[in-house]
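Here are some worked exercises to go through with the model open in your viewer. Try each task before you read its solution.

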Amino acid sequence: MASEQPISLSERQEQCKPVVLVVDDDLTHQKLLGLLSDRLGITCYMCSSCAEALDALRMFSFDVILMDYRMPEVDGCICSERIREMKEEIRGNIPIIAVTAHIMPGSKEKCLAAGMNDFLGKPFTLEELEAKLCFWLERKTESKG
């Protein structure tokens, strides 16, 4: 069985531009991801809190969620649990990737236990972010087909 190369985000953009929900209270991180979105061929919708993210999920469809681990009111793990509780309301199981500088023993496991699908430590490279997004966008496409 031949293994297929994942579709790059620039190739995917020609097909359909993925929409990524970014949940991060840090405006600098939001701006960085906004700048990277053009290079990655994605559209980013920014939220600063769990409440904003839940509202956005009720109104719009997203392909992937990039979730900050540490936020002041409701942290990324609790927010992910709330998103998973809304599975039927938001029509599906959207991949959630934790994006955090909080890389302590057990952090990744805590994120996965809360319903996140993956973990990306800050600082990260453009290539690392692209690889995570490609992987989860490809999985999502496969599960639909």
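**Exercise 1. Strands E4 and E5**

Which residue in E5 is the bridge partner of threonine 100? Work out how the two strands run, and what lies between them.

*Solution.* One note before we start: this is a predicted model.

- Step 1. Look across from threonine 100 and you land on glycine 121, its bridge partner in E5.
- Step 2. Now take the whole pairing: E4 and E5 run parallel and are joined by four bridges.
- Step 3. Add helix H5 (residues 107-113), and you have a right-handed β-α-β unit made of E4, H5 and E5.

**Exercise 2. The two faces of E5**

Decide which residues of E5 are buried on each side of the strand.

*Solution.*

- Step 1. Start from the general pattern: in a regular strand, side chains alternate between the two faces of the sheet.
- Step 2. Sort the residues accordingly: Asp118 and Leu120 go on one side, Phe119 and Gly121 on the other.
- Step 3. Check burial. All four of these residues are buried, so both faces of E5 are covered.

**Exercise 3. A second β-α-β unit**

Find out how many bridges join E1 to E2, and which helix goes with these strands in a β-α-β unit.

*Solution.*

- Step 1. Strand E1 (residues 19-23) and strand E2 (residues 43-47) run parallel, with five bridges between them.
- Step 2. For a concrete pair, take valine 22: methionine 46 is its bridge partner in E2.
- Step 3. The helix is H2 (residues 27-40), and together E1, H2 and E2 form a right-handed β-α-β unit.
- Step 4. Zoom in on serine 37, which sits in H2. Its relative accessibility is 7%, and the cut-off for buried is under 20%, so serine 37 counts as buried.
- Step 5. List its contacts, leaving aside neighbours within four places in sequence: serine 37 meets Ile42 and Cys44.

**Exercise 4. The buried side of H3**

Find the buried residues of helix H3, then explain why they lie on the same side.

*Solution.*

- Step 1. Scan H3 (residues 50-59) and pick out Cys50, Ala53, Leu54, Ala56 and Leu57 as its buried residues.
- Step 2. These residues span an arc of only 160° around the axis, so they are on the same side of H3.
- Step 3. What covers them? The cover includes E1, E2, strand E3 (64-68) and helix H4 (76-85).

**Exercise 5. Arginine 58 and its partners**

Work out which residues form salt bridges with arginine 58, and where they sit along the chain.

*Solution.*

- Step 1. Recall that side chains of opposite charge can pair when their charged atoms come close.
- Step 2. One partner is aspartate 55, with the closest N and O atoms 3.4 Å apart. Arginine 58 and aspartate 55 are three residues apart in H3, so about one helical turn separates them.
- Step 3. Another partner is glutamate 89, where the closest N and O atoms are 3.0 Å apart. This pair links distant parts of the chain, 31 residues apart: arginine 58 is in H3, while glutamate 89 is in the loop between H4 and strand E4 (96-100).
- Step 4. Compare exposure. Arginine 58 is partly exposed at 43% relative accessible area, aspartate 55 is partly exposed at 42%, and glutamate 89 is partly exposed at 43%.

**Exercise 6. Aspartate 68 and lysine 122**

Are the residues of this salt bridge buried or exposed?

*Solution.*

- Step 1. The closest N and O atoms of aspartate 68 and lysine 122 are 4.0 Å apart.
- Step 2. Place the pair: aspartate 68 is in strand E3 and lysine 122 is in the loop between strand E5 (118-121) and helix H6 (126-144), 54 residues apart.
- Step 3. Aspartate 68 is buried, with a relative accessible area of 7%, and lysine 122 is buried too, at 14%.
- Step 4. Widen the view: Asp24, Asp68 and Lys122 are linked in a salt-bridge network.
- Step 5. Check the backbone here as well: a cis peptide bond joins lysine 122 to proline 123, with omega about -5°.

**Exercise 7. Serine 80**

Find what the side chain of serine 80 reaches, and what else serine 80 touches.

*Solution.*

- Step 1. Serine 80 belongs to helix H4 and counts as buried, at 0% relative accessibility.
- Step 2. Its side chain reaches the backbone oxygen of glycine 76 at 2.8 Å.
- Step 3. Not counting residues up to four places away in sequence, serine 80 touches Met67, Ile96, Ala114 and Met116.

Key. Residues numbered from 1 in each chain as written. Predicted model: local features only at pLDDT ≥ 70, side-chain atom pairs only at ≥ 80, totals over all residues. Heavy atoms only, no water. Pairing = 2+ DSSP bridges. Right-handed = clockwise from strand over helix to strand, strands pointing away. Buried < 20%, exposed > 50% of the residue type's maximum accessible area, 1.4 Å probe, protein only. Arc of directions from axis to C-beta. Contact = heavy atoms within 4.5 Å. Salt bridge = Lys/Arg side-chain N within 4 Å of Asp/Glu carboxyl O. Polar contact = N/O pair within 3.5 Å; in protein donor to acceptor, adjacent residues only side chain to side chain.
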